[in-house]
Amino acid sequence: MNSFVHKTLVVQLQAGDTDRFSVLAHLSYDTADPFAVTVVFSHDGRVLARWQLDREMLGEGLRRPVGVGDVRMRPESLGSMWQELRMEFLGDARPDGGRHHAVVFAWAPAFAAFLRETHEMVPPGREEVRVDDFLADVIAGG
């Protein structure tokens with residue numbers, strides 16, 4: 001049985017006061033960490049950022065505004081056919097005292113399809129964490 005789901009999507013990135021530009025979002029889900037979705041943003045073969053997101057929060061963000069910390073999400077409707085997922089990411093502090101800030105706009109149905117695939121592998125509410133394996137890894141220095 002396959003324990004991974006991978007999908008690469010084209011999304012729009014807006015950093016600071018810049019216009020949107022296209023980047024790749026590489027989504028991955030591993031049943032070994034059933035609560036998390038990893039997103040790696042890249043452009044021209046360069047990794048721009050890597051975030052580990054809560055799978056449940058990602059699903060909720062497709063329906064309503066969620067998040068109060070470094071990651072915030074909300075659905076946005078642009079006309080009758082185009083639905084976006086807006087994801088805001090707050091990064092490290094800048095020298096001027098502010099924080100790096102980026103907004104990613106993604107086609108919501110593509111993210112929903114990815115989440116459906118993860119739910120087929122591990123249905124919501126059926127996630128398990130192998131605490132003994134985790135502790136053994138920590139003790140071993142892994």
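A pocket, as the word is used here, is an open set of grid points with protein on both sides within 12 Å along at least five of seven lines, and its lining residues have an atom within 4 Å of a point. In this predicted model, the largest pocket is lined by 16 residues, with Leu-13, Ala-15, Ala-49, His-101 and Ala-102 lying nearest its centre. Strand 1, strand 4, strand 6 and strand 7 are the elements that each give two or more residues to this lining, and strand 7 provides the largest share, five residues. Sorted by class, the lining comes out as ten nonpolar, four polar and two charged residues. The space inside adds up to about 280 Å³.

Next comes the second largest pocket, with a volume of about 200 Å³. Its lining takes in 14 residues, and those nearest the centre are Arg-55, Glu-56, Gly-59, His-119 and Pro-124. Here helix 1 and helix 2 each chip in at least two residues. The class count is five nonpolar, three polar and six charged.

Helix 2 deserves its own look. It runs over residues 108–121, and its 14 residues should span 20 Å at 1.5 Å a residue, which agrees with the 20 Å between its end C-alpha atoms. Its buried residues are Ala-108, Ala-110, Phe-111, Phe-114, Leu-115, Thr-118 and Met-121. Because they cover an arc of only 165° around the axis, they sit on the same side of helix 2. An α-helix has 3.6 residues a turn, so residues three or four places apart point the same way. The buried residues of helix 2 pack against strands 1, 2, 3, 6 and 7 as well as helix 1, while Arg-116 and Glu-120 are exposed on the other side.

Notes:
Residues numbered from 1 in each chain as written. Predicted model: local features only at pLDDT ≥ 70, side-chain atom pairs only at ≥ 80, totals over all residues. Heavy atoms only, no water. Helix = DSSP H or I, 4+ residues; strand = E, 2+ residues; numbered from the N terminus. Expected span 1.5 Å × (residues − 1). Buried < 20%, exposed > 50% of the residue type's maximum accessible area, 1.4 Å probe, protein only. Arc of directions from axis to C-beta. Contact = heavy atoms within 4.5 Å. 1 Å grid on protein atoms, 1.4 Å probe; cavity = no way out; pocket = protein on both sides within 12 Å on 5 of 7 lines; lining within 4 Å. Points joined across faces, edges and corners; volume = space filled by probe spheres on them. Nonpolar A, V, L, I, M, F, W, Y, C, P; charged D, E, K, R; others polar.
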